[in-house]
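Me: I have a protein model open and I want to learn to read it. Can we go through it feature by feature?

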Amino acid sequence: MTDTQTTLQDTQFEDALALTLYVVQQQTGYPLDQLAADAEFETDLGIDSIVQLEITADLLARCGLSADSGKLSGTVSISELARKLVLALDGRPVPAPPTAKDKTAADGELLDMLLKTPHNAPKETPTFPAPTTETRTMRDFADVPHRDLFHKVEAFDSFYKTQRDAGFYWYGMPLESPCQNRAVIHDEVSGQRNEFLMFASNNYLGLANDPRVIEAIRDAASLYGATNTGCRLIGGSNVLHKELERKLAELKGTEDSIVFPSGYSANVGTISALMGSRDIVFTDALNHMSIQDGCKLSGASRRIYQHTTGALERALERSADADGGRLIVTDGVFSMHGDIVDLPRVVELARRYDAKVLVDDAHSTGVLGKTGSGTSEHFGMKGQIDLELGTFSKTLAGVGGFVAARADVVEYLRFYANSYVFAATIPAHVAAGLIASIDIMKSEPQRIETLWRNIGHLKSKLLKAGFDLGETQSAILPIVIGDDRKTLEMGRAVRARGMFCQTVVFPGVSVGDARLRISVTSEHTLEDLDLAAQIVIDSAEEVGVQTHV
């Protein structure tokens with residue numbers, strides 16, 4: 001390479017870096033002085049994969065490159081993205097980022113470049129390959145630049161119906177029976193109804209259909225009516241809400257607790273109430289979307305660490321000199337992987353770097369710990385965690401969510417968590433059912449023992465058959481397959497044999513990490529578990545899923 005060529009490439013890189021920094025600033029709101037060239041999108045800036053797609057699409061549009069170009073995908077840092085942009089342009093000049101003076105005009109030009117069709121031109125009917133040749137995933141419809149906001153809706157609708165009619169997407173099919181170890185499900189595509197072995201439910205201790213829970217709900221509905229039609233602060237509180245919060249605090253070993261309309265709103269409301277623009281939130285890359293959304297809504301700087309305490313430590317170390325508060329947020333049991341957070345190590349790091357800890361026990365409550373209290377009890381740390389969050393829609397057999405913490409923290413949330421203040425609460429009869437569930441769980445510890453016997457039984461059979469179950473340590477047993485297409489075929493084959501478990505693809509997991517997600521409950525019999533294992537084995541052989549035996 002000549003000196004002239006080297007100088008030209010250096011200049012192009014500097015131009016590309018300037019444009020990339022500008023686009024990242026525009027898409028994320030980061031001040032330019034906080035965007036270092038070597039900053040990594042996830043670990044340093046907390047920019048998730050969806051926003052990265054938006055950044056890439058913006059850059060491609062500004063440079064006049066094809067929107068479906070994969071040349072900019074898979075980048076880790078700002079400088080790497082700039083280098084790939086230079087290569088994609090193949091010698092063509094890099095557009096200069098607009099200045100403040102011409103920003104208005106530049107935005108108009110950008111909008112024109114984003115258009116795939118002129119404003120008044122007739123829409124082209126998108127064509128899609130047959131199911132057997134479809135290679136796209138749901139991620140391809142997450143960010144499609146176009147003037148018509150519904151353009152991506154139409155594209156996804158065609159994709160979805162093709163997948164559904166081929167028997168791959170079976171999401172949202174309605175049950176026509178109680179959700180127990182076996183359930184009757186209506187296939188809305190074929191019009192048929194069949195009984196399935198149910199391995200997609202989070203009814204871990206079988207409380208959803210316990211007669212005592214149902215009776216408590218019925219009695220409370222007769223006494224207090226259908227609902228309170230209001231938020232907790234304005235006419236929505238019932239004595240049963242107060243009793244439920246006392247029982248939850250006792251279960252978790254904390255001073256108090258607060259009930260939210262859902263687990264999702266508990267995460268969003270709590271994180272956004274406690275965190276502000278001067279603070280930093282550290283969130284595991286595999287945390288539930290409600291946590292990630294709460295982190296975004298809070299306005300705090302995000303540091304997404306890659307699912308190890310080593311990565312968390314590095315993220316904390318890099319931000320050690322920053323002002324503001326720190327919060328580490330983690331799932332107790334990771335919902336699509338089944339592994340358990342190393343909570344003692346997380347708490348140790350939090351104390352070293354002066355951070356608070358929030359643990360989401362959605363899949364831990366009723367599963368981990370001798371009494372079912374959750375992750376902290378599992379590690380002998382009950383009452384030592386700053387914030388323990390849970391949901392009612394799994395073990396506890398209701399709907400809603402909660403946070404258990406110090407009394408003054410809970411009181412603060414009652415006035416500053418918008419998803420509590422400005423939302424209707426759970427009806428009193430739901431609270432009555434939850435109270436009954438907690439009482440039964442505490443008085444019948446054999447339910448947890450049966451659950452773990454069942455987990456061990458099915459897990460050993462699947463491991464013996466050679467399936468990749470990841471690092472699961474809970475009632476969630478993932479069959480890790482990877483390829484979306486192969487996973488969808490496996491899910492269809494499993495259902496055809498009379499077993500229903502969830503097929504998980506993007507956005508539940510990253511593209512390339514697809515899996516079947518099997519949930520074990522205490523209601524499953526040994527016959528159920530043996531039959532399920534054989535169905536999975538036979539289905540894998542049919543569709544060609546590789547095992548390790």
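Reply: Start with a strand pair. Strand S1 and strand S2 (residues 193-198) run antiparallel and are joined by 5 bridges. Strands pair if DSSP finds at least two bridges between them. Strands (E, at least two residues) and helices (H or I, at least four) are DSSP runs, numbered from the N terminus. One bridge in this pair links Val-184 to Glu-195 in S2. Keep in mind that this is a predicted model: local features need pLDDT of at least 70, side-chain atom pairs count only at pLDDT 80 or more, and totals for chains, interfaces and linings use all residues. Residues are numbered from 1 along each chain as its sequence is written, and side-chain values use heavy atoms, with hydrogens and water left out.

Me: Which strands are at the edges of this sheet?

Reply: The sheet is open, with 3 strands in the order S1-S2-S11 and mixed pairing. Its edge strands are S1 (182-186) and S11 (499-500), each paired on one side only.

Me: Is strand S8 buried or exposed?

Reply: Buried means under 20% relative accessible area, exposed over 50%, and partly exposed in between (1.4 Å probe, protein chains only). In S8 (residues 387-391), 5 of the 5 residues are buried, so the rest of the structure largely encloses this strand. Both faces are covered: Leu-387, Leu-389 and Thr-391 lie on one side, Glu-388 and Gly-390 on the other.

Me: Which strands pair with S8?

Reply: S7 (residues 356-360) pairs with S8 in the parallel sense, over 3 bridges. S9 (residues 401-405) runs antiparallel to S8, with 5 bridges. Follow Glu-388: it is the bridge partner of Val-359, and Ala-404 in S9 is the bridge partner of Glu-388.

Me: What does Ser-376 contact?

Reply: Contact means heavy atoms within 4.5 Å. Leaving aside neighbours within four places in sequence, Ser-376 touches Leu-343, Met-381, Lys-382, Gly-383, Ile-385 and Glu-388. Ser-376 sits in helix H13 (residues 375-378). At 1% relative accessibility, Ser-376 counts as buried.

Me: How do I read the sides of a helix?

Reply: An α-helix has 3.6 residues a turn, so residues three or four places apart point the same way. Now look at H19. Its buried residues include Asp-528, Leu-529, Ala-532, Ile-535, Val-536 and Val-543. The buried residues cover an arc of only 160 degrees around the axis, which puts them on the same side of H19. That arc is taken from the directions from the helix axis to the C-beta atoms. On the other side, Glu-527, Glu-541 and Glu-542 are exposed. Just after H19, Gly-544 has a positive phi of about 85 degrees.

Me: Which residues touch the most other members of the largest nonpolar core?

Reply: A nonpolar core is a set of buried Ala, Val, Leu, Ile, Met, Phe, Trp, Tyr and Cys residues joined through side-chain atoms within 4.5 Å. The largest one here has 60 residues, and Leu-244, Met-499 and Ile-518 touch the most other members. Helix H16 (428-443) is among the elements that give two or more residues to this core. H16 gives the most, with 10. Domain 2 (167-198 + 446-543) and domain 3 (211-443) each supply at least three residues. Those bounds come from an automatic or database domain assignment.

Me: Which residues belong to the other core?

Reply: That core lies apart and has 28 residues, among them Ala-16, Val-23, Leu-59 and Ile-78.
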